[in-house]
Amino acid sequence: MDLRDALIDGWQRGFPLVREPFAAIADRLGAREVDVLRACTRLHEDGVLGRIGGLFGAGAGGAGALAALAVPRERLAEVAARVSARPGVNHNYEREHRWNLWFVVHAADAEALARTLDAIGHEAALPMLRLPMRRAYRIDLGFDRRGAVANAVTTTRGEAPAPLAEADWPLAARVEAGLPLVPRPFDTWAAELGQPPAAVLGRLRFWLLDGTLRRFGLVVRHHELGFDANAMAVFAPPEECIDACGAALARESGVTLAYRRECAPGWPYTLYAMLHGRDRTSVRALAAEVIERSGLSNAPHELLFSVRRFKQTGARRFRAMADAL
């Protein structure tokens, strides 16, 4: 197997939390440390690897929301560019719907988030849906790249046990930004933070154990893995059924994200699932199976296919929080 394929298949989670992690991976793969580092560098340069780092559970800190604008076709590129230029925006997609520009915003707190959304809405001079998350059922976005649809690499819940303490924000910001591709990357973080490497590694291990971190490893990008078709499925089940249906969605291996959000005037949907595949036919077939098995056949729903990716980066909520100190 190609070394890059081995890294993608084997290290999206369970990345060695040791001082020389790339040497540890090399030992497991029967390779040299320098070749593992070169393979990671190539994956990053090719856009397949977003970073090597962690994904925090919902509620670990900061504030975020999914938002959407209904943009006239002739203004879409201009408005999308302005939205993408905002530092707090980490995902920005065109989707097939009247609400056609969908983006995710993170900020240090609810007030900062509201200011960013207000500024985007004012600049665009367009109506906006603001859809904060209420509960995460699965947010650990890792891909099994075999097959026509992307299967999630885990079934873990997406909630952190408690918000991180202020003293932990600088380390958390580095976890979101990603490891430097050097032989002793955690030593680099430790030097920047003025802490012993053992303390940094111990903190990361603890966060994984208590669920603050959902995983630590390679964070890959689905388009570059060949999953060019993706759709956001939205549902409006009865209030008393939302959590049960959300838990059912999270048990589906083909659902890569599942969460509950606030509804909004003119937008009744409260339950969301992301589906990724190599083509639309596969995604539609998966959606039909998932909807039936999750008890959502009778719930109003829509399938919003992605048309264009304007921006896709990892969330940077802790950088904003650390900067605000």
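Is Val-283 buried or exposed? At 0% relative accessibility, Val-283 counts as buried. That residue gets its own close-up further down, after a look at the whole predicted model.

**Figure 1. The whole protein, before we zoom in.** This predicted model has eleven helices and twelve strands. There are 325 residues, and for that number a compact globule would have a radius of gyration near 20 Å; the protein has 20 Å, so the two agree. Along the principal axes, the C-alpha trace spans about 55 × 45 × 40 Å. Of the 325 residues, 54% count as buried. The accessible surface comes to about 13,900 Å², and carbon and sulfur atoms own 52% of that. As for contacts with a separation of 6 or more, 75% come from residues 24 or more positions apart. On the charge side, there are 42 positive and 38 negative charges, and their mean positions sit 1 Å apart.

**Figure 2. Val-283 and the company it keeps.** Here we are in helix α10, which covers residues 280-293 and includes Val-283. Which residues touch Val-283, leaving aside its neighbours within four places in sequence? The list is Ala-229, Ala-231, Leu-275, His-276, Gly-277 and Phe-305. Asn-230 is worth finding too: Val-283 and Asn-230 are 53 residues apart in sequence, yet their C-alpha atoms are 7.1 Å apart in space.

**Figure 3. Leu-113 in helix α5.** Helix α5 takes in residues 110-124, and Leu-113 has its place there. With 9% relative accessibility, Leu-113 counts as buried, because the cut-off for that word is under 20%. Setting aside neighbours within four places in sequence, Leu-113 is in contact with Ala-63, Gly-64, Ala-65, Val-105 and Ala-107. Try tracing the chain from Gly-64 to Leu-113: they are 49 residues apart along it, while 6.7 Å separates their C-alpha atoms.

**Figure 4. Ala-125, in the loop after α5.** Ala-125 is found in the loop between α5 and β5 (128-138). Is this residue, Ala-125, buried or exposed? It counts as exposed, at 64% relative accessibility. The backbone deserves a look as well. Most residues other than glycine have a negative phi. Ala-125 has a positive one, near 55 degrees.

**Figure 5. Helix α6 and the glycine that follows.** Helix α6 runs over residues 169-177, and its buried residues are Trp-169, Leu-171, Ala-172, Ala-173, Val-175 and Glu-176. Gly-178 follows α6, and its phi is positive, near 110 degrees.

**Figure 6. Val-220 in strand β8.** Strand β8 covers residues 213-220, with Val-220 among them. Val-220 counts as buried, at 7% relative accessibility. To find a partner from far along the sequence, look for Leu-43. Val-220 and Leu-43 are 177 residues apart in sequence, and their C-alpha atoms are 9.0 Å apart in space.

**Figure 7. Gly-59, in a loop between two strands.** The loop lies between β1 (49-56) and β2 (63-69), and Gly-59 is in it. Gly-59 is partly exposed, with a relative accessible area of 45%. Which residues is Gly-59 in contact with, leaving aside its neighbours within four places in sequence? They are Ala-160, Ala-162, Pro-163 and Arg-317. Pro-161 is another residue to pick out here: the C-alpha atoms of Gly-59 and Pro-161 are separated by 7.8 Å, although the two are 102 residues apart along the chain.

**Figure 8. Cysteines, and a search for disulfides.** A disulfide is a covalent bond between the sulfur atoms of two cysteines. How many disulfides does a search of the whole structure find? The count is zero. Take Cys-245, which is in no disulfide: the nearest cysteine sulfur belongs to Cys-241 and is 5.5 Å away. A pair of cysteine sulfur atoms has to be within 2.5 Å to be counted as a disulfide. Cys-245 is buried, with a relative accessible area of 8%. Cys-40 is buried as well, with a relative accessible area of 1%.

Methods:
Residues numbered from 1 in each chain as written. Predicted model: local features only at pLDDT ≥ 70, side-chain atom pairs only at ≥ 80, totals over all residues. Heavy atoms only, no water. Helix = DSSP H or I, 4+ residues; strand = E, 2+ residues; numbered from the N terminus. Rg over C-alpha atoms; globule rule 2.2 N^0.38 Å. Buried < 20%, exposed > 50% of the residue type's maximum accessible area, 1.4 Å probe, protein only. Contact = heavy atoms within 4.5 Å. Areas by Shrake-Rupley, 256 points an atom, 1.4 Å probe, with all protein chains shown as cover. Lys, Arg positive; Asp, Glu negative; His and termini not counted. Charge placed at Lys NZ, Arg CZ, Asp CG, Glu CD.
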